[in-house]
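Here is a short report on one protein chain. Read it with the sequence and the 3D view side by side.

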Amino acid sequence: MSSDKEQREQDPSAHEHMVDSEKHVQRNPHPDFKKVEGSRPDWRAEEKWAFTKTKDPNWKLGQGGNDGGESLKKEHIEIDPYEDGRPGIFNYKLLISAIIPRPIGFVSTVSKDGKSTNLAPYSFFQVIGFDPPIFIVGFAGGFDHAKDSLRNLVDTGECCINIISEHFLEAANTCSINAPHGTSEWAITGLHPAPCRDVKASRVKESVFSVEGKLMETKEYESRVTKGKKTCVLAIIEGIRFWAREDAINEDRNIIDPAVLRPISRLGGITYGRLLEGVELPRPEFDKATKDGKAEGLLKPKTEGQ
C-alpha cells in the first residue's frame, strides 16, 4: 500500500473523486432537496420507543406469512447482476435499497504520525461474532484509492466504532462531506472527541455506545466487470473495549436500552430510518410447540415445491 504522501502525489484531488462519485450514483433523487424537505411534517420529537404486539399474535406452526397470502399473488423479476448493458452502479443502488435497515459504523481513526484524524460513517458494517467480538466494515474502492479512514486503519491497526443515535444524526451525516484532505470532520461537525483507553483514535462523546477496535485482517476485492479494477476492501476488526452511556446500560452491563440508544439506520439513497417500535417474540421450543400433535404433518425433510 502506498504511503499517504505518495497517495496525495498520485491523486492530489481525492475529495474531487467523491463529488464525481456522487454525481455518478445520483443518490439524491430531488433536484431541490430543501424544497422537498420543507413540504414534509416536522420531526416528531414526542414519539417514544414502544413495544407492540406482532401483527398476528395467534400465528400457528405452518401458517406461513401473516398477510393472508397476498404476497404470494405477486410475481418476481429475475435480475442478473452482470447482464450485458447493466452498469455496476445499478447493483449498488439496488442493494442499498433492499438490504435495509443497515446499522451504521461511525469509524474514528488517526494517522500513523498522529497529525490528522478522520471520522466517517459506513453502512456496510456489521457485528459477526462475540467471542472474540468481531466487526466488519466494507470500504468502497481499493487500496490504490484508499480514503483516510482505511489508510489510517491499515497504517495504525486501530480504530473506534461508534453507533449513531438520533441526537447527532445531522452531524454524523455531515462527516460524509467531500472536504479536502487534512480537514477535520470533528471540527466541521462540532462533535466532541473523548479519549479511548487502548487505541489512539478518539471515541465520539455523543455516542451512546462505542467500541475500541484492533484490525485483524483486510481483503481486497476485484470488479467482475472491469478486470483489474479494485472495488472493495473488507476490514475485520476485533472489539477490545466497549463504552456504554450509564443511563443506557443495565445493572449487569449486558443490555443496551433501545429507548435510550435511539439508533439511526441506513436505508436506500439518502434515506435514514428511526427505530421507534419493537416486538418481542420468544424462540419457540420444539417439544412445547408440537405437543398437541397438530404439527405432525409439518415434520418432513422437504416442503412442497422444493
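Start in the middle of a sheet. Leu215 stands opposite Ile237 in S10. The model is a predicted one. S9 (209-222) and S10 (230-244) run antiparallel and are joined by 13 bridges.

**The sheet**

S9 and S10 belong to an open sheet of 7 strands. The order is S3-S2-S6-S9-S10-S5-S4, and the pairing is antiparallel. Strand S3 (117-122) and S4 stand at the edges with a single partner strand each, so one side of each has no neighbour in the sheet. From one strand to the next, the twist averages 30°. Strands of a sheet pair through backbone hydrogen bonds, in either the parallel or the antiparallel sense.

The table lists three strand pairs from this sheet, each with one pair of facing residues.

| Strand pair | Sense | Bridges | Facing residues |
|---|---|---|---|
| S9 and S10 | antiparallel | 13 bridges | Leu215 and Ile237 |
| S5 and S10 | antiparallel | 7 bridges | Ile134 and Glu238 |
| S4 and S5 | antiparallel | 5 bridges | Val127 and Phe135 |

Which helix lies across S2, S3, S5, S6, S9 and S10? Helix H5, residues 148-156, does. H5 runs at about 60° to S2 (105-110).

**The second largest pocket**

The second largest pocket holds about 960 Å³ of space. Its lining counts 34 residues, and the closest to the pocket centre are Ile163, Phe209, Ile255, Ile256 and Leu261. Several elements give two or more residues to this lining, including strands S4 (125-130), S5 (133-140), S6 (158-163), S9 and S10. Helix H8 (258-261) and strand S11 (264-266) are also among them. Which element gives the most? S4 does, with 5 residues. S4 is also one of the two edge strands of the sheet.

What is the lining made of, by class? It has 26 nonpolar, 5 polar and 3 charged residues.

**Two glutamates: buried or exposed?**

Take Glu185 first. Glu185 is found in helix H7, residues 185-189. Its relative accessibility is 9%, and buried means under 20%, so Glu185 counts as buried. Beyond its neighbours within four places in sequence, Glu185 is in contact with Thr117, Asn118, Leu119 and Cys175. Strand S3 covers residues 117-122. Glu185 and Ser108 are 77 residues apart in sequence, and their C-alpha atoms are 9.8 Å apart in space.

Now Glu277. This residue is found in strand S13, residues 277-278. Its relative accessibility is 53%, and exposed means over 50%, so Glu277 counts as exposed. Glu277 still has contacts: it touches Trp49, Ala50 and Thr52, leaving out residues up to four places away in sequence. Where does Phe51 stand relative to Glu277? The two are 226 residues apart along the chain, yet their C-alpha atoms are separated by 5.6 Å.

**The whole chain**

Step back to the full model. The chain has 9 helices and 13 strands. Its C-alpha trace spans about 70 × 55 × 45 Å along the principal axes. Of the 306 residues, 30% are buried. Among contacts with a separation of 6 or more, 65% link residues 24 or more positions apart.

How values were computed: Residues are numbered from 1 along each chain as its sequence is written. This is a predicted model: local features need pLDDT of at least 70, side-chain atom pairs count only at pLDDT 80 or more; totals for chains, interfaces and linings use all residues. Side-chain values use heavy atoms; hydrogens and water are left out. On a 1 Å grid over the protein atoms alone, a cavity is a set of points where a 1.4 Å probe fits but cannot get out, and a pocket is an open set with protein on both sides within 12 Å along at least five of seven lines; lining residues have an atom within 4 Å of a point. Grid points are joined across faces, edges and corners, and a volume is the space filled by probe spheres set on the points. Helices (H or I, at least four residues) and strands (E, at least two) are DSSP runs, numbered from the N terminus. Ala, Val, Leu, Ile, Met, Phe, Trp, Tyr, Cys and Pro count as nonpolar, Asp, Glu, Lys and Arg as charged, and the others, Gly among them, as polar. Two strands pair if DSSP finds at least two bridges between them. Axes are lines fitted to C-alpha atoms, for helices over the stretch in contact, and angles run from 0 to 180 degrees between N-to-C directions. Contact means heavy atoms within 4.5 Å. Buried means under 20% relative accessible area, exposed over 50%, partly exposed in between (1.4 Å probe, protein chains only).
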